[in-house]
Amino acid sequence: MMKLSIVMPVYNEERTLEEIVGRVLATPYEKEVLLIDDGSRDRSREIMQTLAEQHPEVRCFYHERNSGKGAALSTGFREVQGDVVIIQDADLEYDPSDYGALLRPIEEGMADVVYGSRFLGGAYARVHLFWHFVGNRLLTLVSNMFTNLNLTDMETCYKVFRADIARRLDIQSRTFAVEPEITAKVAKMRVRIYEVPISYAGRDYEEGKKIGLKDAFIAVAAIIKWRFKSLPPQGG
Ligand SMILES: Nc1nc2c(ncn2[C@@H]2O[C@H](COP(=O)(O)OP(=O)(O)O)[C@@H](O)[C@H]2O)c(=O)[nH]1
Ligand SMILES: [Mg+2]
């Protein structure tokens, strides 16, 4: 059986951290859970420490200063020891009970990378934030134009990789530009990418959602930038 490495970036997530880690630990897989605190100013660090004491499969890493989701993923990806890497946000928008569906194309040997799409008809999806939805669709469209992929949800948190591919990604973006960077890189690697439908319990800005219009412009710049960069050398 393959071992999962769940990489979870954490920035001021004291409200949901315990619950999401509990849900991840409850999934029926051999696993390690890598929590990367990105300079949180709330109680996230203390909660992480307690979780690590309670559960040997939890490993913690800490950024002294807030550096962005990309920086947190970069720290986590350097440390993975499993066979398959799953990115898991620390809020409750994405549901670990989707892991089975996400892993299946890799287990069956069809895929090297799997994206969970919020727009393919999952079990449920919260109805709200129309302009946020439009932004997601536009960013996915522009990304597809530059990568020649036909994704439906480039910005999804649920991205799953065979570990050798995750290590080869060599993430450079510090901000939310990491999503287009990863997408451009896996497109260039010419690996087999699949999408599966997932559920989505989107949170509101009052509930802690942080991504905004500024991030959309950063994402477009990243799509263009990574179109013209070459891949990091293999094995390097
Ligand atoms: N917004 C934000 N999230 C970060 C940062 N560093 C790590 N994260 C984590 O990255 C994940 C995605 O962030 P989130 O705010 O949920 O994004 P959104 O739901 O798309 O608005 C969460 O697990 C955050 O805790 C950061 O600097 N800013
Ligand atoms: Mg979120």
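Is Asp91 buried or exposed? Asp91 is buried, with a relative accessible area of 4%; buried means under 20%, exposed over 50% and partly exposed in between, using a 1.4 Å probe and protein chains only. Before the close-ups, some ground rules: this is a predicted model, where local features need pLDDT of at least 70, side-chain atom pairs count only at pLDDT 80 or more, and totals for chains, interfaces and linings use all residues. Residues are numbered from 1 along each chain as its sequence is written, chains are lettered from A and ligands numbered from 1 in the order in which they are written, and side-chain values use heavy atoms, with hydrogens and water left out.

**View 1. Here is the magnesium ion (ligand 2) with its protein donors.** Asp91 (OD) and Glu93 (OE) are the donors, lying 2.0 to 2.1 Å from the ion. Donors are N, O and S atoms within 2.8 Å of the metal (3.2 Å for Na, K and Ca), and since water is not among the atoms, sites may look incomplete. Like Asp91, which is buried, Glu93 is buried with a relative accessible area of 4%.

**View 2. This one shows the open sheet of 7 strands.** Go across it and you meet β3-β2-β1-β4-β6-β5-β7, with mixed pairing. The edges belong to β3 (58-63) and β7 (193-197), each with a single partner strand, so one side of each has no neighbour in the sheet. On average, neighbouring strands are turned by 20° against each other, direction ignored; the axes behind such angles are lines fitted to C-alpha atoms, for helices over the stretch in contact, and angles run from 0 to 180 degrees between N-to-C directions. Strands (E, at least two residues) and helices (H or I, at least four) are DSSP runs numbered from the N terminus. Two strands pair if DSSP finds at least two bridges between them; β1 and β2 (residues 31-38) run parallel and are joined by 7 bridges. Ser5, for instance, has Glu32 in β2 as its bridge partner.

**View 3. Now for the largest pocket, which holds about 950 Å³ of space.** On a 1 Å grid over the protein atoms alone, a pocket is an open set of points with protein on both sides within 12 Å along at least five of seven lines, a cavity is a set where a 1.4 Å probe fits but cannot get out, and lining residues have an atom within 4 Å of a point. Grid points are joined across faces, edges and corners, and a volume is the space filled by probe spheres set on the points. The pocket has 41 lining residues, with Phe176, Lys210, Ile211, Gly212 and Asp215 nearest its centre. Helix α8 (213-227) gives the most to this lining, 8 residues.

**View 4. Zoom in on the largest cavity, with about 30 Å³ of space.** Its lining is made of Ala184, Lys185, Lys188, Trp226, Lys229, Ser230 and Leu231. Helix α7 (residues 178-189) supplies the largest share, 3 residues.

**View 5. Last, meet two loop residues with positive phi, Leu129 and Asn148.** Leu129, in the loop between β5 (113-117) and α5, has phi near 45° and is partly exposed, with a relative accessible area of 25%. Asn148 sits in the loop between α5 and β6 (159-162). Its phi is near 60°, and Asn148 is exposed at 71% relative accessible area.
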